[in-house]
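Q: I have not looked at this structure before. Could you take me through it, please?

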Amino acid sequence: MLIAINQWGFPEGTPLERLFQEAKEAGYDAVELNLNPAGGVGLTVETTAAEAEAVGAAARRYGLELRSLSTSLLWKSPLSSADETVRQEGARVVAKQLELAGLLGMDTVLVVPGVVNAESSYDDCYRISQEELGRLIPLAEKAGVHIGIENVWNKFLLSPLEMARYIDELGSSHVGCYFDVGNVLQFGYPEQWIRILNRRIRKVHVKDFSVRVGNISGFVPLLAGDVDWDAVRAALDEIGYDDVITAELSPYKKAPLQMIRDTARHMRVILGQERQ
């Protein structure tokens, strides 16, 4: 397996050239970029094909692969919204992800499919988000890119059985799961999710979590929480996953770039590539 770091792991505003240099020096094989709002660093909703190609060329100069594209924009414009205007904006975000991923040779885009809240019921979220994703599948198939549905703290798709059913009902080999190991620890066991989702898993995010803390402050550096990494690795091996695992962590408050270096070593330990 390859190791990667998400763009969010760097201090906000870090230029891509510096980001790629630091990632390479830390020993990563790949970097996961994010689709940002207009004016952001790197890929944005306004990025042209020529600009995207320049980003790809910069990554190649450092010997780094670009395998997937994430975004936080769907939290503001969920595909499950009762407001059609909001849904259309969310659909434009995913369409832009697919466009840029296709241009850059990425095979997966991360998609938060919807958000359950007081205004958006669970059943409506399920139905509406599937309808919107159904309209986006032809774009994914044309681009040759997978839509990776992420398990995240959105009060939705709370079991691996439901996640599997949700994906299967969409009826396309270009829809799968972007599985986040740390996100399920509060209410499940990641190794069980991995075995159940199996072939549906397109990409994997890693972060660690302290169950004792039990809230958003419970996310901790790799190897510092309660994830059973031996069990996770065994489950990934069992299903034949040999793609990239991407760390999605925030920079340290002090010496922020040290998180990048520490995490690369932690990931190699997790994968058995480096001694503990």
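Q: To begin, where is Leu158?
A: This is a predicted model. In it, Leu158 sits in the loop between strand E5 (146-150) and helix H5 (160-170).

Q: Is Leu158 buried or exposed?
A: Neither term applies: buried means under 20% relative accessible area and exposed means over 50%. Leu158 has 40% relative accessibility, so it counts as partly exposed.

Q: Which residues form a nonpolar patch with Leu158?
A: Trp153, Phe187 and Ile216 join Leu158 in a nonpolar patch on the surface. Together the four have about 380 Å² of accessible area.

Q: Turning to the interior, how many residues does the largest nonpolar core have?
A: That core has 81 residues, and Phe20 and Ile147 have the most contacts inside it. Helix H3 (residues 84-104) supplies the largest share, seven residues. In soluble globular proteins, nonpolar side chains tend to be buried together.

Q: And what is Phe20 in contact with?
A: Apart from neighbours within four places in sequence, Phe20 is in contact with Val31, Leu33, Val55, Ala58, Ala59, Tyr62, Leu64 and Leu66.

Q: Now helix H6: which of its residues are buried?
A: In H6 (residues 190-197), the buried residues are Pro190, Glu191, Trp193, Ile194 and Leu197. Viewed down the axis of H6, they fall within an arc of 160 degrees, so they line one face of the helix.

Q: What do they pack against?
A: The buried residues of H6 pack against H5, strand E6 (175-180), strand E7 (201-206) and helix H7 (229-239).

Q: What comes just after H6?
A: Asn198 does, with a positive phi of about 50 degrees.

Definitions and conventions
Residues numbered from 1 in each chain as written. Predicted model: local features only at pLDDT ≥ 70, side-chain atom pairs only at ≥ 80, totals over all residues. Heavy atoms only, no water. Patch = residues over 30% accessible without salt bridge, like charges linked within 9 Å, V, L, I, M, F, W, Y side chains within 5 Å. Areas by Shrake-Rupley, 256 points an atom, 1.4 Å probe, with all protein chains shown as cover. Salt bridge = Lys/Arg side-chain N within 4 Å of Asp/Glu carboxyl O. Helix = DSSP H or I, 4+ residues; strand = E, 2+ residues; numbered from the N terminus. Buried < 20%, exposed > 50% of the residue type's maximum accessible area, 1.4 Å probe, protein only. Core = buried A, V, L, I, M, F, W, Y, C linked by side-chain atoms within 4.5 Å. Contact = heavy atoms within 4.5 Å. Arc of directions from axis to C-beta.
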